[in-house]
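Here's a quick briefing on charges, contacts and cover in one protein model. Have a look at the sequence and the 3D view first, then we'll walk through it by topic.

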Amino acid sequence: MQQKTKLFLQALKYSIPHLGKFMQKQNHCNFADHYYNRIKLKKCHLTECLQNKPKISELARNIPSRSFSYKTLLPVKPENEKSLSENMDAFEKVRTKLETQPQEEYEIINAEIKHGGFVYYQEGCCLVRSKDEEADNENYEVLYNLEELKLEQPFIDCIRVAPDEKYVAAKIRTEDSEASTCIVVKLSDQPVMEASFPNVSSFEWVKDEEDEDVLFYTFQRNLRCHDVYRATFGDNKRNERFYTEKDPSYFVFLYLTKDSRFLTINIMNKTTSEVWLIDGLSPWDPPVLIQKRIHGVLYYVEHRDDELYILTNVGEPTEFKLMRTAADTPAIMNWDLFFTMKRNTKVVDLDMFKDHCVLFLKHSNLLYVNVIGLADDSVRSLKLPPWACGFIMDTNSDPKNCPFQLCSPIRPPKYYTYKFAEGKLFEETGHEDPITKTSRVLRIEAKSKDGKLVPMTIFHKTDSEDLQKKPLLVHVYGAYGMDLKMNFRPERRVMVDDGWILAYCHVRGGGELGLQWHADGRLTKKLNGLADLEACIKTLHGQGFSQPSLTTLTAFSAGGVLVGALCNSNPELLKAVTLEAPFLDVLNTMVDTTLPLTLEEIEEWGNPSSDEKHKNYIKRYCPYQNIKPQHYPSIHITAYENDERVPLKGIVNYTEKLKEAVEEHTKEAGEGYQAPNIILDIQPGGNHVIEDSHKKITAQLKFLYDELGLDSTSAFEALKKYLKF
């Protein structure tokens with residue numbers, strides 16, 4: 001479920017990373033959106049809810065058709081509890097619910113949007129709306145029954161309401177496919193579906209000079225999004241294509257500025273972007289180019305009071321900085337520097353208010369919020385709690401407050417609100433998760449082969465003794481400039497409670513320390529990420545965190561490149577590995593231009609078809625190319641039958657070749673050698689990764705426990721609290 005939050009960088013999420021074979025159900029830069037994920041507290045078990053609600057997912061390879069989400073587990077109020085007081089504010093209601101309700105019962109609501117006193121969301125198999133104050137009860141109006149689309153377990157991925165509420169548009173998906181359908185419903189006494197468009201990626205409403213609602217949308221084919229359309233409905237129906245991107249390495253995404261003044265057409269690849277403005281008051285006029293694309297220059301645009309605020313990497317250093325210019329003079333020569341970031345800073349998100357700009361940052365592996373006063377250019381930097389590893393952006397319909405949530409892999413999100421009038425950050429009070437007292441979070445660094453310091457985030461039980469004898473699960477990604485996913489996962493919490501150590505290695509190729517951190521781990525620097533991962537694991541062992549016989553490693557999608565490479569080069573560091581939809585055959589994929597994303601991937605992996613240097617470099621680390629008869633850790637691979645991003649064929653070929661190498665080494669090793677288990681679990685469906693599949697979670701968890709010879713009984717009993725088997 002794509003989180004249509006308030007903030008500025010969804011274009012960043014959907015541009016640079018969309019080219020990746022990564023699915024970061026993380027988390028996270030979120031380009032300014034006006035709806036958000038919602039947890040509806042309800043007296044039902046999760047197993048019952050999942051019949052009607054989709055499992056939460058994030059971006060697969062970061063194409064906008066994937067969802068971006070968080071598993072916010074809020075509990076359900078027991079039936080014998082008295083109802084909450086009518087005059088309690090929303091913040092206090094959330095606090096009370098967290099204090100009084102058992103955690104194991106909850107329901108996940110996907111896309112939601114507030115508009116004109118109504119809340120639009122999915123209820124069961126229907127698109128519904130209710131009055132804002134009645135959003136948590138059963139008083140809602142059914143606008144459309146999703147079952148009419150004849151899809152298998154459809155869910156709403158994204159919602160947009162026309163400015164005057166004559167129409168609502170919703171993008172519908174299924175868990176087994178990335179294909180989507182956008183429906184347009186006319187709002188009246190008898191709501192009716194006005195139109196349906198296949199394969200829509202992004203879409204936004206504007207109103208023209210004659211008060212007619214105009215829907216702009218992008219069309220996605222074979223994971224590529226190059227065409228922009230606009231449509232009107234009612235008596236003056238029309239549907240026309242008005243922009244086509246000719247360069248196959250670019251992707252097109254629409255974004256409506258927070259004040260709805262401009263619709264931006266964002267044309268992007270991994271290193272370069274170009275933005276066109278459509279006047280929200282005159283949408284039929286030709287779009288205005290802000291700045292023609294310049295190779296290596298990225299920029300994203302927000303608007304306030306006739307000024308454009310531009311987040312860009314132009315100039316030195318080549319990290320993101322905030323600039324601004326008058327809306328009527330948008331070209332790059334008019335951009336004035338407004339705010340610069342500290343070294344080793346990742347811009348996670350940005351939100352624009354009437355008198356303030358809020359930046360959500362990650363600096364040296366810690367989270368910060370910078371509040372910039374636009375009237376006096378004052379800056380207030382707030383260091384956030386050290387347990388926090390990620391932001392979840394909330395709605396901001398109240399211009400006086402900036403709400404958001406913080407989360408970690410082992411702790412459900414916690415609410416925070418910055419109130420501009422008081423100039424203070426307010427923390428949700430009352431209920432305190434016991435994990436804060438029973439676990440520790442550590443941030444340490446490993447020195448890589450070239451001397452570069454690589455940050456790590458570590459979790460373990462506070463009362464753990466002799467950590468060297470504890471099992472360790474290492475996480476890595478290291479591609480596309482994306483942060484390692486660190487949203488809350490109930491199985492990870494269960495593992496920490498059961499004595500495991502969790503380590504998250506923020507290696508080069510990812511984005512944790514900014515754009516240069518990514519640049520230092522892509523193309524002909526990809527081996528830096530492998531060296532970083534090796535250094536991290538050796539540092540963990542050297543500092544007393546577990547040992548090779550108890551060390552496991554996990555990754556998904558493009559993270560499989562580094563994991564597969566490490567299994568070839570240093571298998572003695574590991575006992576077991578789990579991979580999900582892993583990218584394992586870089587060379588054969590990058591020479592096959594018939595695959596939908598090969599051309600878009602060149603900026604990350606190189607072009608082995610035309611560049612012999614790239615080809616030879618890829619051969620040095622490509623997991624498939626470097627399999628050899630030797631000892632390997634046990635490996636469990638989850639793959640998806642119709643995955644378009646990481647085709648099943650490559651994973652099957654890798655598995656077969658690996659099994660042959662293991663068999664050959666087993667014969668050479670002779671009697672007494674314990675061969676590793678190589679398991680390929682092929683799941684049905686066409687999605688890239690299904691994060692919340694109970695079957696997948698339990699299979700991977702059981703594999704890890706079995707390979708380390710550990711008893712998993714207590715872990716699965718604890719997991720039932722969350723998954724409701």
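Which residues are linked with Asp157 in a network of salt bridges? They are Lys171 and Arg173. Keep in mind that this is a predicted model. The network sits in a structure that holds 33 salt bridges, and a few other pairs are picked out below.

**Salt bridges**

- Asp164 and Lys207 pair up through their side chains, with 4.0 Å from N to O. Asp164 belongs to the loop between β9 (154–161) and β10 (167–174), while Lys207 is in strand β13 (residues 200–207), so this bridge ties together parts that are 43 residues apart in sequence.
- Both ends of that pair are partly exposed: Asp164 has a relative accessible area of 26%, and Lys207 comes in at 25%.
- Arg241 and Asp227 also meet in a salt bridge, again listed at 4.0 Å, N to O. Here the link runs from strand β16 (residues 238–244), home of Arg241, to strand β15 (residues 224–232), home of Asp227, so it ties together parts 14 residues apart in sequence.
- Asp227 counts as buried because its relative accessibility is 8%, and the cut-off for buried is under 20%.
- Arg293 and Glu274 make a salt bridge at 3.0 Å, N to O. Arg293 is in the loop between β20 and β21 (299–304) and Glu274 is in strand β19, so the pair ties together parts 19 residues apart in sequence.
- The two partners sit in separate cover classes: Arg293 is partly exposed at 24% relative accessibility, whereas Glu274 is buried at 6%.

**Negative surface patch**

- Glu209, Glu210, Asp211 and Asp285 form a negative patch on the surface.
- Asp285 is in the loop between β19 (273–279) and β20 (288–291). With 40% relative accessibility, Asp285 counts as partly exposed.

**A buried glutamine**

- Gln122 is part of strand β6 (residues 118–123), and at 0% relative accessibility it counts as buried.
- What does the side chain of Gln122 have within reach? One of its polar atoms is 2.9 Å from the backbone oxygen of Gly124, and a polar atom of that side chain is 2.8 Å from the backbone nitrogen of Ile156.

**Helix α5**

- Helix α5 (residues 490–497) is mostly covered, with seven of its eight residues buried.
- Charged residues turn up among the buried ones, including Glu491, Arg492 and Arg493.
- After α5 comes Gly499, which has a positive phi near 105 degrees.

Technical notes:
Residues numbered from 1 in each chain as written. Predicted model: local features only at pLDDT ≥ 70, side-chain atom pairs only at ≥ 80, totals over all residues. Heavy atoms only, no water. Patch = residues over 30% accessible without salt bridge, like charges linked within 9 Å, V, L, I, M, F, W, Y side chains within 5 Å. Areas by Shrake-Rupley, 256 points an atom, 1.4 Å probe, with all protein chains shown as cover. Lys, Arg positive; Asp, Glu negative; His and termini not counted. Charge placed at Lys NZ, Arg CZ, Asp CG, Glu CD. Helix = DSSP H or I, 4+ residues; strand = E, 2+ residues; numbered from the N terminus. Buried < 20%, exposed > 50% of the residue type's maximum accessible area, 1.4 Å probe, protein only. Polar contact = N/O pair within 3.5 Å; in protein donor to acceptor, adjacent residues only side chain to side chain.
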